[in-house]
Every structure is written in C-alpha cells, then in structure tokens.
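What follows is a guided reading of a predicted model, moving from its strands and sheets to its core and its rings.

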Amino acid sequence: VNRLSTLAAHPRRTLGALAVVLAAVGITVGSGANFTASAANPGNVFATGSLSIGNSPSTALFSASGLKPGDVNTGTVDSHDGRARLSPRGVGRPSA
Amino acid sequence: VTRLHALAAHPRRTLAALAVVLAAVGITVGSGANFTASAANPGNVFATGTLSIGNSPATALFTASGLKPGDTTTGTVDITNTGSLAGDFALKTSGATGYTALLGQLDLVVADCGAWTTSAPSCTTGTTTVYSGKISALTNQALGSYSGGVKHRYKFSVTLPSSTDDTYQGKSAQVDFAWSAQTS
C-alpha cells in the first residue's frame, strides 16, 4: 500500500515510469522480427452427395376392402435413385 | 635601416647566417618524421539470406464431390524451403467459404512423409502425423524447421465420418491450405 501511495502522490513520475515500461515492451516485441515466407494451396472443395427417393405415385398403392382368403391385390410404383445408389430395401414392395 | 645596411655591407656574413638558419629549420622539421605502416581488410560484404516456400502443386489438393459418410479422399503436396536460410514451417487453413460447418465435420490427417532425397519419400510407411483433427481446427500447426533447399512431401487424408447425419447432405465448402515459414 505504501508503494501505491507513493505512486499516487507523484502522478507525473508514475506516468513517466509507465511510458518507459511500455517502450521497453515495444522494443522487446519488435525485436522478434524475422524473415517470413508463405505459399498456399487454395480453393480446396469438399462437397457431399445427396440421397433422395422419388416415388410415383406417392400415394397409397392399395385401397383394398372386403378381402377374403385367397384374394390377390397388385399395385405398382416407380422409384428412382438420387446420386448415390439406392438400396433395394429402400422401397417397399407391393405385398401380394 | 642601420641593421639592413650592416647586412648589405657584409653579404658573405649575411649568406652564412641565412644558411645557418635554413639548416636549423630543416633539422626542426625533419625531426618530426616517424616510421609508419598501414594495412587494410578491404571489401567486407554483408548480404542477407532468403526464406521462401515452393509448393507443388500450388493448386487445390482436393476437388471432392459426392462425398458420403465413411468416404476418404487424399491428396499429396511437396513443400520446399527454396530459400537459403533455415525456417520454422507451419500450416493452417484460411479463406473458408460455402457451407463452412462441413469443415467442422470433415476429419483431416496430415502426414509428413519425410524429406526428399533423390526420389520422393514413401507416404505409406514411416510417416509422421503432424495433424489430426477437424479441418476447421487447423489454425496454426507447426511442422518443424527445414534447412534451405529441403523438400518434404505431405499427404492429406480427409474423411467424412460415418456418423455424419443428413444435415450435411448436398453441401459444399471451400478452403485454402496456407503454408508459412519464418527464420529459425
């Protein structure tokens, strides 16, 4: 506390001391100068693919009522894959 | 006037006196002489060295499209200290554009395949991994100190993790790999 009081009592001297410290820090940092060099491999592109399903029709394939044992119903749907390969398990098969 | 008359009246005596004075002056001046010597170290030269980087190729290492979870794509590049001074080399990414979140998803492994000798070093065995993490986290990776003329080959492997969800479908991001060096 004594020291701080001394500093507070002599603001000009304190400022002067701070200025000297700042200058010293500046010189120290500045002396870290080096030769430098740089190069780049620019414009690397990373793009993901997409996977999507189109089904036509996209409505119900069956609207069967009044089924009795032995009845057969059929329905068809077109599917096509996106950019990635579509697994056959990805579409529901019309059940017999 | 009387003195000049007296000198003029005895020209021989006057000449003798003048000769004595001349001799005295000569002796006085001559006595200041010294032996001296000199030599020089001439033509001192001060020249700075250079630090520069050559990268081959200097173009993009990746043009990866249609990536799906689990895919890995690779690229190699040769980095040369084309200067005369040794330098501390470093690698970082910069100039990210597009769907930059993808760069926070892609895993990058940078392997130092070693220095060139008469031929390129192998990138399959004896490599040193200098970076392993997300592309976006490659901010300033130290690569070591290379002397002037030394050339290293680096292999980049980029993987889209298998755990990648549909958020990343159909996205594209672009980024630069930037090399830097400063004198050691």
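Two strands are taken to pair when DSSP finds at least two bridges between them. By that criterion E5(B) and E6(B) are paired, running in the antiparallel sense over six bridges. The model in which this pairing appears is a predicted one.

It helps to place that pairing within the chain to which both strands belong. The secondary structure of chain B amounts to two helices and nine strands, and along the sequence these follow the pattern α-α-β-β-β-β-β-β-β-β-β. Of the contacts in chain B with a separation of 6 or more, 82% are accounted for by residues 24 or more positions apart. Among the 184 residues of chain B, 31% count as buried.

The pairing of E5(B) and E6(B) belongs to an open sheet of five strands from chain B, ordered E1-E3-E8-E5-E6, in which the pairing is antiparallel. At the edges of this sheet stand strand E1 (53-56) and strand E6 (128-134) of chain B, and because each has a single partner strand, one side of each is left without a neighbour in the sheet. From one strand to the next, the twist averages 20 degrees. Strand E5 (residues 107-115) of chain B is also joined to E8(B), by eight bridges, and these two strands run antiparallel. Individual residues show how E5(B) is held between its partners: Val109(B) stands opposite Ser132(B) in E6(B), while in E8(B) its bridge partner is Ser157(B). Further along, Gly114(B) has Arg153(B) as its bridge partner in E8(B).

A second open sheet of five strands draws on both chains, with the order E2(B)-E1(A)-E9(B)-E4(B)-E7(B) and mixed pairing. Here the edges are occupied by strand E2 (63-67) and E7 of chain B, each of which has a single partner strand, so that one side of each is left without a neighbour in the sheet. The twist in this case averages 25 degrees from one strand to the next. The contribution of chain A is strand E1 (residues 36-48), which is joined to E2(B) by three bridges, the two strands running parallel. Within that pairing, Val45(A) finds its bridge partner in Thr63(B) of E2(B).

With the sheets in place, which residues have the most contacts inside the largest nonpolar core? This core has 34 residues, and the ones with the most contacts inside it are Phe46(A), Leu108(B), Tyr154(B), Phe156(B), Phe177(B) and Trp179(B). Its largest share, five residues, comes from strand E9 (residues 172-183) of chain B. Leu108(B) can serve as an example of the surroundings: leaving aside neighbours within four places in sequence, its contacts include Tyr131(B), Ser132(B), Ile135(B), Leu138(B), Phe156(B), Val158(B) and Phe177(B).

Aromatic residues recur throughout this picture, and one aromatic cluster is formed by Phe46(A), Phe62(B), Tyr154(B), Phe156(B), Phe177(B) and Trp179(B). Over all chains, the structure holds seven aromatic pairs. In one of them, the rings of Phe89(B) and Tyr146(B) have their centres 5.1 Å apart and their planes at 40 degrees, and the pair is therefore tilted, since planes from under 30 degrees apart count as stacked and those over 60 as edge-to-face, with the rest as tilted. This pair links distant parts of the chain, with Phe89(B) in strand E4 (residues 87-98) and Tyr146(B) in strand E7 (residues 141-146) of chain B, 57 residues apart. Phe89(B), at 2% relative accessibility, counts as buried, and Tyr146(B) is buried too, with a relative accessible area of 5%.

The rings of Tyr154(B) and Trp179(B) form another tilted pair, so classed because their planes stand at 40 degrees, with their centres 5.3 Å apart. This pair also links distant parts of the chain, 25 residues apart, with Tyr154(B) in strand E8 (residues 151-159) and Trp179(B) in strand E9 of chain B. Both residues count as buried, Tyr154(B) at 0% relative accessibility and Trp179(B) at 1%.

Finally, rings in chain B also meet lysine side chains. Lys151(B) lies over the face of Trp116(B), at 3.9 Å from the ring centre, and the charged end of Lys171(B) sits over the ring of Tyr99(B), 5.1 Å from its centre.

Definitions and conventions:
Residues numbered from 1 in each chain as written. Chains lettered and ligands numbered in written order. Predicted model: local features only at pLDDT ≥ 70, side-chain atom pairs only at ≥ 80, totals over all residues. Heavy atoms only, no water. Core = buried A, V, L, I, M, F, W, Y, C linked by side-chain atoms within 4.5 Å. Buried < 20%, exposed > 50% of the residue type's maximum accessible area, 1.4 Å probe, protein only. Helix = DSSP H or I, 4+ residues; strand = E, 2+ residues; numbered from the N terminus. Contact = heavy atoms within 4.5 Å. Phe/Tyr/Trp six-rings, centres within 6.5 Å; stacked < 30°, edge-to-face > 60°. Lys NZ or Arg CZ within 6 Å of the ring centre and 35° of its normal. Axes fitted to C-alpha atoms, helices over the stretch in contact; angles between N-to-C directions.
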